[in-house]
Amino acid sequence: MEKLMDAIVKPEKGPGLELRKVPVPTPGPGEVLIKIHKTAICGTDVHIYNWDPWAAEHIKNPPMTIGHEYVGEIAELGAGVSGLEIGQLVSGEGHITCGHCRNCHTGNIQWCKNTTSVGVDRDGAFAEYVCIPASNVIIIEESLPEEVVAFFDAVGNATHTALMWDLVGEDVLITGAGPIGIIAAGICKYAGARRVVITDMNDYRLELARKMGVDAAVNTGSESLEEVMKEQGLVEGFDVGLEMSGAGAAFNQMLSVMRNGGKISLLGIGNKPIEVDMNLIIGKGLTLQGIYGRKMDNWHQMSYMVQGGLDLTPVITHRFHYTDFEEGFAAMNSGKSGKVVLDWTEKK
Ligand code: NAD
Ligand code: ZN
């Protein structure tokens, strides 16, 4: 008889999610079945929950299980899988790449032109089990805290964006104190930045960023960033900018406070095209780098940073059992949240 499991499913095109019984997937050749311990809710999952224009464009075939931030253990190996063992603690790279395009061939799989995503294009990890290709499995050392590994996917975005540039002794501006901006702030401090300044208009999130150790958390709706720069001893502007809001206003403000020759990495995804003063970019000789996903090496870097003392627990604000997932999404939608972690072990 077919084995069934609980899964958080987008039942049809439209708002909402449903906890349903669905078949446990069977790992095909080269695939691995993972038993989920913990998951975390990403902004993408909230788009899917709310069924905004992004979700309507990207979720093609409901019903499907969503979710892509998780930690679990290997439950079963498909035919031909070697080098992995049942019971190993793992997470998974959520982008499944083609392996034959130019970027895949040259090790830049984050730029694969045929990439598909777990929990968006195929069944995801908000379930008791998820099935992924063996090459996407990331072995996790057992000393790492599982509730942090649960959102390593997002930590990877932050790692990729932050470690794009030299940070030692540099002054960094992060626009957007969402979970990824706050995590990036912790990484910049850990990696040796002199000052880390973060902006947002959401005081709850700015307070979380302070807990992560930023030098200044600025509400740009009511405070002057230039004043804060003076207080922090900045002379010529920020050396490094990490755009993590997706808001045109934030990016334009960043351009105005960068020093000549500054470096910017862009992670935030806007919901519409933005207007930019190109002359500022040219006149200041700025370097801009778009960031998509994470590099496989980021998985190692973040594991080692956490083992080296980077504490990411301040960004966790809510913990629920998966059966209470509605409360988790409500917390995310309230704006008064950092990371929301769902437990998939048996309810105590
Ligand atoms: P989030 O939406 O939770 O956080 C964005 C924050 O930006 C919010 O707190 C919001 O209040 C703030 N903000 C809005 N306008 C602002 C302004 N003018 N100045 C300063 N702050 C402003 O998002 P997140 O989950 O932390 O992710 C960060 C961004 O990265 C999002 O845009 C997300 O879509 C994007 N993202 C991109 C990738 C990628 O591969 N490129 C991957 C994951 C997430
Ligand atoms: Zn490819």
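**Exercise 1. Find which residues lie nearest the centre of the second largest pocket, and what surrounds it.**

Solution. Start with the residues nearest the centre: Met5, Pro23, Pro25, Thr65 and Asp123, which belong to a lining of 15 residues. Keep in mind that you're looking at a predicted model.

Next, ask which elements give two or more residues to that lining. They are strand 1, strand 2, strand 4 and strand 9 (129-133).

Then sort the lining by class: you get 10 nonpolar, 2 polar and 3 charged residues. Finally, the space in this second largest pocket comes to about 260 Å³.

**Exercise 2. Work out the strand order of the open sheet of 3 strands, and see how strand 1 is joined to strand 2.**

Solution. Read across the sheet and you'll find the order 2-1-4, with antiparallel pairing. Now look for strands that pair on one side only: those are the edge strands, strand 2 (18-23) and strand 4 (64-65).

Zoom in on strand 1 (residues 4-10). It is joined to strand 2 by 6 bridges, and the two run antiparallel. For a landmark, pick Met5, which stands opposite Val22 in strand 2. You've met Met5 already, in the lining of the second largest pocket.

**Exercise 3. Describe the surroundings of ligand 1: which residues come nearest, and which polar atoms lie by its oxygen atoms?**

Solution. Step one is the neighbours. There are 20 residues around ligand 1, and Asp200, Arg205, Ile269, Ile291 and Gly293 come nearest.

Step two is the polar atoms. A polar side-chain atom of Asp200 sits 2.7 Å from an oxygen atom of the ligand. For Arg205, a side-chain N or O atom is 2.9 Å from a ligand oxygen. Pro179 joins in with its backbone: one of its N or O atoms there lies 3.3 Å from an oxygen atom of ligand 1. As for cover, ligand 1 has 850 Å² of accessible area on its own, and the protein covers 78% of that.

Step three is the shell as a whole. Helix 6 (179-190), strand 12 (195-200) and helix 9 (248-257) each supply at least two of its residues. By class, the shell divides into 11 nonpolar, 7 polar and 2 charged residues.

**Exercise 4. Say how many cavities of 30 Å³ or more the whole structure holds, and which residues line the largest.**

Solution. A search turns up 1 cavity of that size. The largest cavity has a volume of about 60 Å³. Its lining is made of Glu93, His95, Thr97, Ile109, Gln110, Thr115, Tyr292, Gly293 and Arg294. Split them by class and you get 2 nonpolar, 5 polar and 2 charged. Spot Gly293 in that lining? Gly293 is also one of the residues that come nearest to ligand 1.

How values were computed:
Residues are numbered from 1 along each chain as its sequence is written. Chains are lettered from A and ligands numbered from 1 in the order in which they are written. This is a predicted model: local features need pLDDT of at least 70, side-chain atom pairs count only at pLDDT 80 or more; totals for chains, interfaces and linings use all residues. Side-chain values use heavy atoms; hydrogens and water are left out. On a 1 Å grid over the protein atoms alone, a cavity is a set of points where a 1.4 Å probe fits but cannot get out, and a pocket is an open set with protein on both sides within 12 Å along at least five of seven lines; lining residues have an atom within 4 Å of a point. Grid points are joined across faces, edges and corners, and a volume is the space filled by probe spheres set on the points. Ala, Val, Leu, Ile, Met, Phe, Trp, Tyr, Cys and Pro count as nonpolar, Asp, Glu, Lys and Arg as charged, and the others, Gly among them, as polar. A residue is near a molecule or strand if one of its heavy atoms lies within 4 Å of it. A polar contact is a pair of N or O atoms within 3.5 Å; within protein, one must be able to donate a hydrogen and the other to accept it, and residues adjacent in sequence count only if both atoms are side-chain atoms. Accessible areas come from the Shrake-Rupley method with a 1.4 Å probe; for residues, only the protein chains shown count as cover. Helices (H or I, at least four residues) and strands (E, at least two) are DSSP runs, numbered from the N terminus. Two strands pair if DSSP finds at least two bridges between them.
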